[in-house]
Amino acid sequence: MNVENTFTFDFFQYTIVSHVFTFGYAAMAAGLVYFVLTSKNSLPRYQLSSTLSAVVMLSAFLELLVISQKWDSAFSWDGEAFSPTGTLFSNGYRYMNWTIDVPVLLLQMLIVLGVTGAAFRRGWIVFTVAGLGMIYTGYAGQFYEVERSAPFWIWGSISTVFFLVILVLVYRTVYGNVGRLPAEVRPLVKAVWWLLLVSWMLYPGAYLMPAIWDSADGVVARQITYTIADVTSKVVYGILLAVIARKVSKHEGHDEAVASDVTMPRGGI
Ligand code: RET
């Protein structure tokens, strides 16, 4: 059970959450179009990263659409406030979405930073195992967020250990490869680390929100936090990787005009 179901919401609280969800899935739909249309701007070996961004966009779009519909059916206006209908709202859908998105987002980073061979395979395995470990222990813990009994804290702590393993490996991947890449993209590559660090930290913040701010306003803050985290860790991150891939491709002589099938006027008019 999630704390969302334990409150009634005034008009503003209910409506703001509804709007924020709409922004979330609209951003994923927009991102989907961007990644599909720009994938050819970089060399073939980086194009898989845009395809993977499109996978992330579609899965997040569907998840946020479902969560938004659950919000609509979980509360109804009783003349004074939006009160629970008996249909449960659940953040659990988010964790199912992360099952797809977390391993894929980390795989994209390995591709764009040019990690290959054994290091690529090792990185991919550690990221996937630690990612799923982080997600499913957190998933187990969030069922206890209303009473905040021992499992909430214990599963949350175990999940945090997996999270730290991921962060250490991301840091090593970024700073271990940045020197090999063209000088002009180095600041952008470092930005990948900072963007990932800040945006991913928002998720444990949202997990803890019931313990910090257990009220209807806290729920609004939590859903805003999740949405900012989703848009930054998936859409903005995907765009950043696409820009890096495009710049590195250009550096290696990839011609964008040819790649995107733009017909250039040749001679005369
Ligand atoms: C949980 C449980 C509490 C402790 C920690 C967590 C971390 C979650 C993270 C999720 C990242 C999700 C992403 C999704 C993108 O699609 C599971 C909330 C540390 C870091 C990036």
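Glu4 lies in the segment before helix H1 (11–38). The model is predicted, and this residue is a good place to start reading it. Is Glu4 buried or exposed? Its relative accessible area is 0%. Buried means under 20%, so Glu4 counts as buried. What does the side chain of Glu4 meet there? The side chain of Arg222 joins it in a polar contact of 2.9 Å. Arg222 belongs to helix H7 (216–251), so this contact links the segment before H1 to H7.

Now turn to the ligand. The ligand sits in the largest pocket. Five helices each give two or more residues to the shell around it: H3 (92–112), H4 (117–142), H5 (150–177), H6 (186–212) and H7 (216–251). Which helix gives the most? That is H3, with five residues.

Next, look at the residues themselves. There are 17 around the ligand. Trp98, Asp101, Trp200, Tyr203 and Lys234 come nearest. By class, the shell holds 10 nonpolar residues, five polar ones and two charged ones.

Lys234 deserves a closer look. One of its polar side-chain atoms lies 2.5 Å from an oxygen atom of the ligand. How much of the ligand does the protein bury? Taken alone, the ligand exposes 540 Å². The protein buries 99% of that.

Conventions. Residues are numbered from 1 along each chain as its sequence is written. This is a predicted model: local features need pLDDT of at least 70, side-chain atom pairs count only at pLDDT 80 or more; totals for chains, interfaces and linings use all residues. Side-chain values use heavy atoms; hydrogens and water are left out. A residue is near a molecule or strand if one of its heavy atoms lies within 4 Å of it. A polar contact is a pair of N or O atoms within 3.5 Å; within protein, one must be able to donate a hydrogen and the other to accept it, and residues adjacent in sequence count only if both atoms are side-chain atoms. Accessible areas come from the Shrake-Rupley method with a 1.4 Å probe; for residues, only the protein chains shown count as cover. On a 1 Å grid over the protein atoms alone, a cavity is a set of points where a 1.4 Å probe fits but cannot get out, and a pocket is an open set with protein on both sides within 12 Å along at least five of seven lines; lining residues have an atom within 4 Å of a point. A molecule sits in a cavity or pocket if more than half of its atoms lie within 2 Å of its grid points. Helices (H or I, at least four residues) and strands (E, at least two) are DSSP runs, numbered from the N terminus. Ala, Val, Leu, Ile, Met, Phe, Trp, Tyr, Cys and Pro count as nonpolar, Asp, Glu, Lys and Arg as charged, and the others, Gly among them, as polar. Buried means under 20% relative accessible area, exposed over 50%, partly exposed in between (1.4 Å probe, protein chains only).
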